[in-house]
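Here is a short tour of one protein chain for you to follow on screen. Have the sequence and the 3D view open side by side, and look up each residue as we get to it.

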Amino acid sequence: MWAERYRGSGEFQFTAPVSSGLRELLPTGTFISHVDSEEVMVVENHDIPEQDSGNPVITITGRDLVSILEQRVVG
C-alpha cells in the first residue's frame, strides 16, 4: 500500500508486510517517484515495530529531494 502525503515540503510513506521484500527493494537512500507525480523522493527510514503476534509490518518513509537538497551546507 502506498500513501503519498504532502505535509510541508513533501513526504511519503509505504506500509507493507515485512514478508513482501519491500525493505530489500527500497534500501535507505533510494530515489523513487510515482507515475502521477513529478516529485522525486528519497527513502530515509525503515521502521518495523515489535509485535507480539501476527505478521510484522514495515513502514518506509522519506522526503522529497528538494527538501533534502535545501539542508546542504557549503564549506
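In which strand does T59 lie? T59 lies in strand β5. Keep in mind that this is a predicted model, so every value here is computed from that prediction.

T59 makes a good starting point. Its relative accessible area is 17%, and since buried means under 20%, T59 counts as buried. If you skip its neighbours within four places in sequence, T59 is in contact with Q13, F14, T15, N45, H46 and D47.

**The whole chain**

Let's zoom out. The chain has 2 helices and 5 strands, and from the N terminus on they run β-β-α-β-β-β-α. Of the 75 residues in the chain, 24% are buried. Looking at contacts with a separation of 6 or more, 47% are between residues 24 or more positions apart. The chain exposes about 5,400 Å², and carbon and sulfur atoms supply 52% of that area.

How sure is the predictor? The mean pLDDT of the chain is 82, with 88% of the residues at 70 or more. Confidence is lowest in strand β1 (residues 2-5), with a mean of 50, and highest in strand β4 (residues 41-47), with 93.

**Strand β4 and its partners**

Strand β4 pairs with two strands that we can take in turn. With β3, the pairing is antiparallel over 2 bridges, and I32 stands opposite M41 in β4. With strand β5 (residues 57-64), the pairing is antiparallel too, over 6 bridges, and here V42 stands opposite R63 in β5.

M41 itself sits in strand β4. Is M41 buried or exposed? Its relative accessibility is 3%, so M41 counts as buried. M41 and F31 are 10 residues apart along the chain, yet their C-alpha atoms are separated by 5.6 Å.

**A salt bridge**

Side chains of opposite charge can pair when their charged atoms come close. How many salt bridges does the chain have? The count comes to 1 salt bridge. In that salt bridge, the side chains of E44 and R63 meet at 2.9 Å, N to O. E44 lies in strand β4 and R63 in strand β5, so the pair ties together parts that are 19 residues apart in sequence. You have already met R63, as the residue opposite V42.

Here is how accessible four of our residues are:

| Residue | Relative accessibility | Class |
|---|---|---|
| M41 | 3% | buried |
| T59 | 17% | buried |
| R63 | 25% | partly exposed |
| E44 | 27% | partly exposed |

**A loop residue, T30**

One more stop. Where is T30 found? Look in the loop between α1 (22-25) and β3 (31-32). A polar atom of the T30 side chain lies 2.6 Å from the backbone oxygen of P27. Not counting residues up to four places away in sequence, T30 touches M41, V42 and V43. That links back to M41, which has its place in strand β4.

To retrace the route on screen, begin at T59 in strand β5, move to the salt bridge between E44 and R63, and then find I32 opposite M41. Finish at T30, in the loop between α1 and β3.

Terms used
Residues numbered from 1 in each chain as written. Predicted model: local features only at pLDDT ≥ 70, side-chain atom pairs only at ≥ 80, totals over all residues. Heavy atoms only, no water. Helix = DSSP H or I, 4+ residues; strand = E, 2+ residues; numbered from the N terminus. Polar contact = N/O pair within 3.5 Å; in protein donor to acceptor, adjacent residues only side chain to side chain. Contact = heavy atoms within 4.5 Å. pLDDT = per-residue confidence, 0-100. Buried < 20%, exposed > 50% of the residue type's maximum accessible area, 1.4 Å probe, protein only. Pairing = 2+ DSSP bridges. Areas by Shrake-Rupley, 256 points an atom, 1.4 Å probe, with all protein chains shown as cover. Salt bridge = Lys/Arg side-chain N within 4 Å of Asp/Glu carboxyl O.
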